[in-house]
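Below are my notes on the model, set out as numbered points. They cover the fold, the strand pairing, the pockets and one residue.

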Amino acid sequence: MSKRNLAIVGLLLITVLLSCKWLPTRTTKTTKGPAIDFTSPAKGLDVKVQLDRKQTATGKVSQAGGSVSVTAADGSKFTLDVPANAVEADTMITMTAVKSLDGAPLANNTPTAVQLEPSGLFFKEMATLTIAPAKEIPTKSQIIFAYEGDGQDYHLAVIDPRSKEIKIKLMHFSGAGVGSGSDSAWA
């Protein structure tokens with residue numbers, strides 16, 4: 001075999017080895033934060049909810065739908081709109097303004113939020129909670145959230161992305177609201 005053919009065979013063999021990763025590779029460690037585990041369920045964030053019992057409204061919602069509204073002490077307004085056929089029977093719904101949420105990743109401890117009851121109520125159609133904060137919260141720093149029960153599983157809420165108003169879409173109850181914060185607080 002000529003030297004030229006031997007060189008070509010050698011190059012082909014090296015190319016095959018490199019493409020199949022048969023040669024040992026060097027690994028480098030990065031220090032860009034912890035590894036993210038996408039396979040295990042996350043540990044939920046629980047918050048401590050303090051209610052303003054002076055700012056409460058109760059209303060009946062029927063199979064035809066209905067609406068309940070409350071205004072918080074700071075002037076923030078909350079309106080829950082329940083569409084027709086969302087509940088199977090007449091249901092009394094109570095909205096109570098939230099004073100504070102200890103442990104929430106918000107810029108301050110004073111969110112614009114309400115507790116919705118009966119806790120755990122499920123709707124057959126999505127209800128909409130519209131929030132009009134007394135003080136404007138810039139869109140880029142809004143954190144729109146919900147939680148279960150009396151502060152369990154604090155999480156980002158489902159919103160109506162087409163609305164210029166803050167509209168949270170709900171399939172069941174506990175609490176929901178808006179506050180301000182940074183991306184790093186959520187991280």
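What percentage of the residues of the protein count as buried?

1. The model is predicted. Of its 187 residues, 34% count as buried.

2. Overall layout. The protein has two helices and ten strands. Read from the N terminus, the order of elements is α-β-β-β-β-β-β-β-β-β-β-α. Among contacts with a separation of 6 or more, 70% are between residues 24 or more positions apart.

3. Strand β5. This strand spans residues 112-117, and five of its six residues are buried, so the strand is mostly covered. On one side of the pairing list stands β4, residues 91-102, which pairs with β5 in the antiparallel sense over four bridges. Within that pairing, Met-95 has Leu-116 of β5 as its bridge partner. β5 is also joined to β10, residues 175-180, by four bridges, and these two strands run antiparallel. Thr-112 has Val-178 of β10 as its bridge partner, and Val-114 stands opposite Ala-176 of β10.

4. Strand β10. Why is β10 described as largely enclosed by the rest of the structure? Five of its six residues are buried, and the description follows from that count. Besides the link to β5, β10 is joined to β7 by six bridges, again in an antiparallel arrangement. One of the pairs here is Gln-142 with Ser-180 of β10. β10 therefore has pairings with both β5 and β7, given that two strands pair if at least two bridges are found between them.

5. Largest pocket. The space in this pocket is about 360 Å³. It is lined by 23 residues, and those closest to its centre are Asp-74, Ser-76, Thr-110, Pro-111 and Thr-112. Thr-112 is also the bridge partner of Val-178 in β10. β4, β5 and β10 each supply at least two residues of the lining. By class, the lining consists of twelve nonpolar, six polar and five charged residues.

6. Second largest pocket. Which residues lie nearest the centre of the second largest pocket? They are Thr-139, Gln-142, Lys-164, Glu-165 and Ile-166, out of 15 lining residues. The elements giving two or more residues to this lining are β7, residues 142-148, and β9, residues 166-172. The space in this pocket is about 240 Å³. The lining has six nonpolar, three polar and six charged residues. Gln-142 appears in the strand pairing as well, as the bridge partner of Ser-180 in β10.

7. Thr-91. Is Thr-91, a residue of strand β4, buried or exposed? Its relative accessibility is 13%, and the cut-off for buried is under 20%, so Thr-91 counts as buried. The side chain of Thr-91 reaches the backbone oxygen of Ala-89 at 2.9 Å. Leaving out residues up to four places away in sequence, Thr-91 touches Gly-59, Lys-60, Val-61, Pro-118 and Leu-121.

8. Points to view together. For the strand pairing, look at β5 with β4 and with β10, then at β10 with β7. For the pockets, β4, β5 and β10 are elements to display with the largest one, and β7 and β9 with the second largest.

Conventions
Residues are numbered from 1 along each chain as its sequence is written. This is a predicted model: local features need pLDDT of at least 70, side-chain atom pairs count only at pLDDT 80 or more; totals for chains, interfaces and linings use all residues. Side-chain values use heavy atoms; hydrogens and water are left out. Buried means under 20% relative accessible area, exposed over 50%, partly exposed in between (1.4 Å probe, protein chains only). On a 1 Å grid over the protein atoms alone, a cavity is a set of points where a 1.4 Å probe fits but cannot get out, and a pocket is an open set with protein on both sides within 12 Å along at least five of seven lines; lining residues have an atom within 4 Å of a point. Grid points are joined across faces, edges and corners, and a volume is the space filled by probe spheres set on the points. Ala, Val, Leu, Ile, Met, Phe, Trp, Tyr, Cys and Pro count as nonpolar, Asp, Glu, Lys and Arg as charged, and the others, Gly among them, as polar. A polar contact is a pair of N or O atoms within 3.5 Å; within protein, one must be able to donate a hydrogen and the other to accept it, and residues adjacent in sequence count only if both atoms are side-chain atoms. Contact means heavy atoms within 4.5 Å.
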